[in-house]
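Got your viewer open? Load the model and follow along, one selection at a time.

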Amino acid sequence: MTTSPAAAPATPAPPEQRHRTLSSGWRTAIVITGVAAIVLALNKILNLGFFVDYTLLDNAYLYYLAALLVGPVFLFLPAHSKASTDAVPWYDALCYLLSIAVFCYFAFNAHRILSEAWEFLAPTLAVWVAGVGWLLLLEATRRAGGTAVFVVVALISLYPIFAGQMPGPISGLPQPFHTTAAYHFTSSESVLGIPMRAFGELVIGFVMFGAVLQYTGAAQFFNNLAFALFGQVRGGPAKVSIFASGLMGSVSGSVVSNVLTTGVVTIPAMKRTGFQPAYAGGVEACASTGGVLMPPIMGATAFVMAAFLGIPYATVVLAAIVPSLLFYFGLFVQIDGYAAKRGLKGLPRIELPSIKATILEGWQYIFVFVLLVWMLLVLQQEAIAPFYATALLLIINQVWPRHRLSAKRMFELLEGVTKSLAELAALLAGVGLIIGSLSVTGLAGTLANDLVYLAGNNIYVLLVMGAITSFIFGMGMTITACYIFLAIVLAPPLVAAGFDPVAVHLFMMYWGMVSFITPPVALASFVAAGIAGAAPIKVGLQSMRLGSTMYFVPFFFVLNPALIMRGEPIDIVVVVITAFVGIQLIASAFESYLVGFGRLGDGAAGWVSRLLLFAAGMSLALPGGGDMGVSHVQLLMLAAVLAGASLLLAKMTRGPQKQPGAAA
C-alpha cells in the first residue's frame with residue numbers, strides 16, 4: 001500500500017502559534033502542576049483518601065484545583081502576539097506565582113469562608129486578595145478565551161457596582177466594590193459556581209481523555225478505519241470527514257482543534273478526488289462543528305448542561321442522539337448528491353489502508369470506547385468513566401509496541417494534558433464571574449421576566465429572540481462559555497414559557513454553535529479555508545448550506561420534544577421517522593439531486609422544483625402535535641402533494657439522463 005493521507009503517522013495536532021515555546025524548567029513546572037491537579041481530582045472523585053485525618057471541603061478542593069491550573073496559563077500563553085515566544089518575562093512569572101498564592105489563600109481559609117459567611121462579611125485582607133485575584137482571573141480569561149470573552153466577562157463582573165444606575169430592564173441591587181470582590185471569590189455562585197464545579201467534578205476527566213487520545217495510536221486507528229470503510233465510495237473522503245470529525249469532536253469538544261486535526265488529512269483527500277476547495281472546506285467545518293453535538297461525550301458542554309439541569313448525564317445524551325444524527329444525515333445526503341452529480345469517485349483502493357490490516361493493528365482501542373460508553377450510559381458513572389477509560393488507553397498503548405510512549409513522549413503528553421486543562425479551567429472560572437454578578441444583584445430572575453415581556457408572551461417570537469441571542473453570543477465565545485451565559489440569562493424565560501427544559505438547553509447549545517459555520521465570524525469555516533486554500537467567505541457560505549439542518553432542527557425539538565426522545569413511544573417513532581425523511585428531501589433540494597430520481601433540473605423550472613421539494617421536506621420534518629397545532633397526518637398529506645409536484649415538474653422539464661445508482 002502506498003503512503004496516503006489516511007496512513008499518516010499518529011501525531012497530535014501541532015500546538016497553536018499563540019503558545020509560547022518554554023524552557024525545560026518551565027515545562028517541568030507545568031507538568032508537575034498538571035499531575036498534581038489530576039491526582040487531586042482522582043482523590044476527590046474516587047474518594048481515595050490521600051489526605052489522612054483531614055477532610056477536604058468542596059470549596060477547598062476547587063480553590064486548590066484553580067491554584068494548580070489557572071497559573072500555568074500565564075506561562076504558555078503570551079500576553080499579546082508581539083510578546084516573547086521563547087522566554088517567560090518577569091511579569092508573567094509574577095502573575096503565575098500570584099495566582100497560586102491567591103487561590104491557596106482562600107483554600108487555607110475554606111472553613112472560615114463557610115462558617116463566617118465571607119461572601120458578605122469578608123475581612124479586609126480577604127477583600128484585597130480577592131481584588132488581586134479578580135484582575136489575575138480576568139487576564140487569564142483573556143488569554144484563554146480571547147478579547148471578546150474578556151470584554152463580556154470584565155464588564156458584567158463589574159456590573160454589581162453600577163447595577164443601581166442601569167436602566168429599568170437591566171437594573172439590579174447595587175453592591176459596593178468590597179462586597180462584589182469578596183462575593184466573586186468566596187461565594188459558591190461566582191468563581192466557584194456551576195462552571196468550575198462541573199469542571200472539578202466531571203469535565204476534568206474528559207479533557208484529559210481527549211488530550212491523551214491525541215498522543216496515542218487511538219486517534220490514528222479511528223482515522224484509518226474511517227478511510228478504510230468509506231474512502232473508496234463516491235465522495236469517500238468527504239464521508240470520511242463525517243466519521244472522523246464526528247468522533248474526534250465529540251471527545252475533544254473543540255471545533256477549531258478538530259478542524260486542524262482531521263482537516264489536514266480529509267481536505268487534501270477531498271480535493272484530490274474532485275471536490276472544489278471551498279466545498280471541501282465547508283464539509284470539514286460542518287463535520288467538525290457537529291462533533292461537539294454528537295454523543296456519547298459532546299465535549300465539555302454536555303456535562304455542564306447536566307449540572308445546570310440537575311439531571312443524569314445519560315439523559316442529556318439520550319436527548320441529543322436524534323438531533324445530532326439528523327445533522328450528520330443531512331450533511332451526508334448533500335455530499336452524496338454532490339459526488340453523484342459530478343461523477344466523483346473515492347480514493348483508489350491501493351492508496352487506502354486495508355480494513356483487515358487496520359482492525360488487526362488497532363482493534364484493541366475499541367475496548368476503550370466500549371468501556372467509556374458502558375460506564376456512561378449503563379453504570380451512569382460519568383465522573384469516573386474517563387479516568388478508567390484513560391487508564392485502559394494508556395495500558396493498551398504501552399502493551400502494544402507500535403505506539404508505545406517513550407519517556408519523552410509521556411512528558412509531552414502530560415504537558416499537553418495540562419495545557420488543555422489550564423485553558424479550560426481559566427475560562428470556566430472567569431465565566432463564573434458572570435454568574436456571580438447576576439446572582440448578587442438579583443438580575444437573573446428579573447431579566448428573564450423582561451425578555452418574556454418584550455416578546456409579548458408570544459412563544460414563537462421568544463424562540464426567535466433566543467436563537468438570535470444565542471447566535472450573537474456564540475460569535476465571541478467558546479461554546480461552553482456561550483452556553484453557560486445563555487443558561488443563566490435565556491433559559492429561564494423559555495422554560496417559563498412552557499418549553500421542555502432539556503429541549504431549551506439543547507436549543508441554546510445548537511444556536512450557540514451556529515456561529516462557527518456562519519459568517520461574519522464562522523471560525524470553523526475560516527480555519528478550514530486556510531487548509532483548503534479557498535476564500536474564507538466562500539467556505540463560510542458553503543458551510544451554511546451544508547450545515548443547514550443546524551438552523552431549523554432546534555426549533556423542531558423545542559416545539560415537540562418527541563424529537564429528543566421525550567414523550568409517548570408511538571409519537572417519538574413517528575416524529576423521528578418523518579424527520580429523517582424530511583431532512584433527506586431538504587438536503588436533496590439544496591443539492592438539486594434526489595437519490596433514486598436524479599437531478600432536479602436546471603433553470604427556473606429547476607429552482608421551482610427544488611423549492612417545492614424543500615417545502616415538502618420541511619412539512620415532513622416539522623414535528624406534528626406538540627406546540628405546532630398541526631397533526632402528523634395533515635403534515636404528511638401536505639408533504640406528499642408538494643413532493644409529487646416537485647418531481648413531476650422536474651421530470652417534465654429535464655432532458656434524458658442516465659439513471660443514477662443508489663447512494664454509496
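Here is a short tour, from the whole chain down to single residues.

**Stop 1: the whole chain**

Before you click on anything, keep in mind that this is a predicted model. Show the protein chain as a cartoon and you'll be looking at 31 helices and two strands. The chain has 664 residues, and 57% of them are buried. Switch on a surface if you like: the accessible surface comes to about 25400 Å², with 69% of that belonging to carbon and sulfur atoms. There's also plenty of long-distance company along the sequence. Take the contacts with a separation of 6 or more: 78% of them are between residues 24 or more positions apart.

**Stop 2: α14 and α16**

Now select residues 277-291, which is helix α14, and residues 313-342, which is helix α16. How are these two arranged? They pack at an angle of about 165°, and their axes are 10 Å apart. That angle is over 145°, so α14 counts as roughly antiparallel to α16. The crossing of the pair is left-handed.

Turn on side chains to see who touches whom. From α14, pick Tyr-279, Val-283, Cys-286, Ala-287, Gly-290 and Gly-291; across from them in α16 are Phe-327, Tyr-328, Leu-331, Gln-334, Ile-335 and Tyr-338. Colour this α14–α16 contact by residue class and you get nine nonpolar residues, three polar ones and no charged ones.

**Stop 3: α14 again, with α26**

Keep α14 on screen and add residues 523-532, helix α26. Here the axes of α14 and α26 come within 8 Å and cross at roughly 135°. That makes α14 oblique to α26, and the crossing is right-handed.

Which residues make this contact? On the α14 side they are Pro-277, Gly-281, Ala-285 and Thr-289, while α26 brings Ala-524, Ser-525, Ala-528 and Ala-532. Sorted by class, the contact of α14 with α26 has five nonpolar residues, three polar ones and, once more, no charged ones.

**Stop 4: α9**

Jump to residues 177-186, helix α9. Is this helix mostly enclosed or mostly open? Eight of its ten residues are buried, so α9 is largely enclosed by the rest of the structure. To see the buried ones, select Thr-179, Thr-180, Ala-181, Ala-182, Tyr-183, His-184, Phe-185 and Thr-186.

**Stop 5: Leu-462 and a partner far along the chain**

Next, find Leu-462 in helix α22, which covers residues 459-476. Its relative accessibility is 4%, so Leu-462 counts as buried. Now measure from Leu-462 to Ala-497 in your viewer: the two are 35 residues apart in sequence, and their C-alpha atoms are 8.6 Å apart in space.

**Stop 6: two loop residues with positive phi**

Finish with a pair of loop residues. Select Ala-117, in the loop between α5 (110-115) and α6 (118-121). The phi angle of Ala-117 is near 55°, a positive value in a residue other than glycine. What about Ser-592? Its phi is near 60°, again positive and again in a residue that isn't glycine. You'll find Ser-592 in the loop between α29 (569-591) and β1 (593-594).

Buried or exposed: how does each of them count? Ala-117, at 29% relative accessibility, counts as partly exposed. Ser-592 is at 5%, so it counts as buried.

How values were computed. Residues are numbered from 1 along each chain as its sequence is written. This is a predicted model: local features need pLDDT of at least 70, side-chain atom pairs count only at pLDDT 80 or more; totals for chains, interfaces and linings use all residues. Side-chain values use heavy atoms; hydrogens and water are left out. Axes are lines fitted to C-alpha atoms, for helices over the stretch in contact, and angles run from 0 to 180 degrees between N-to-C directions. Helices (H or I, at least four residues) and strands (E, at least two) are DSSP runs, numbered from the N terminus. Angles under 35 degrees count as roughly parallel, over 145 as roughly antiparallel, 65 to 115 as roughly perpendicular and the rest as oblique. A crossing is left-handed if the near helix is turned anticlockwise from the far one by less than a right angle, and right-handed if clockwise. Contact means heavy atoms within 4.5 Å. Ala, Val, Leu, Ile, Met, Phe, Trp, Tyr, Cys and Pro count as nonpolar, Asp, Glu, Lys and Arg as charged, and the others, Gly among them, as polar. Buried means under 20% relative accessible area, exposed over 50%, partly exposed in between (1.4 Å probe, protein chains only). Accessible areas come from the Shrake-Rupley method with a 1.4 Å probe; for residues, only the protein chains shown count as cover.
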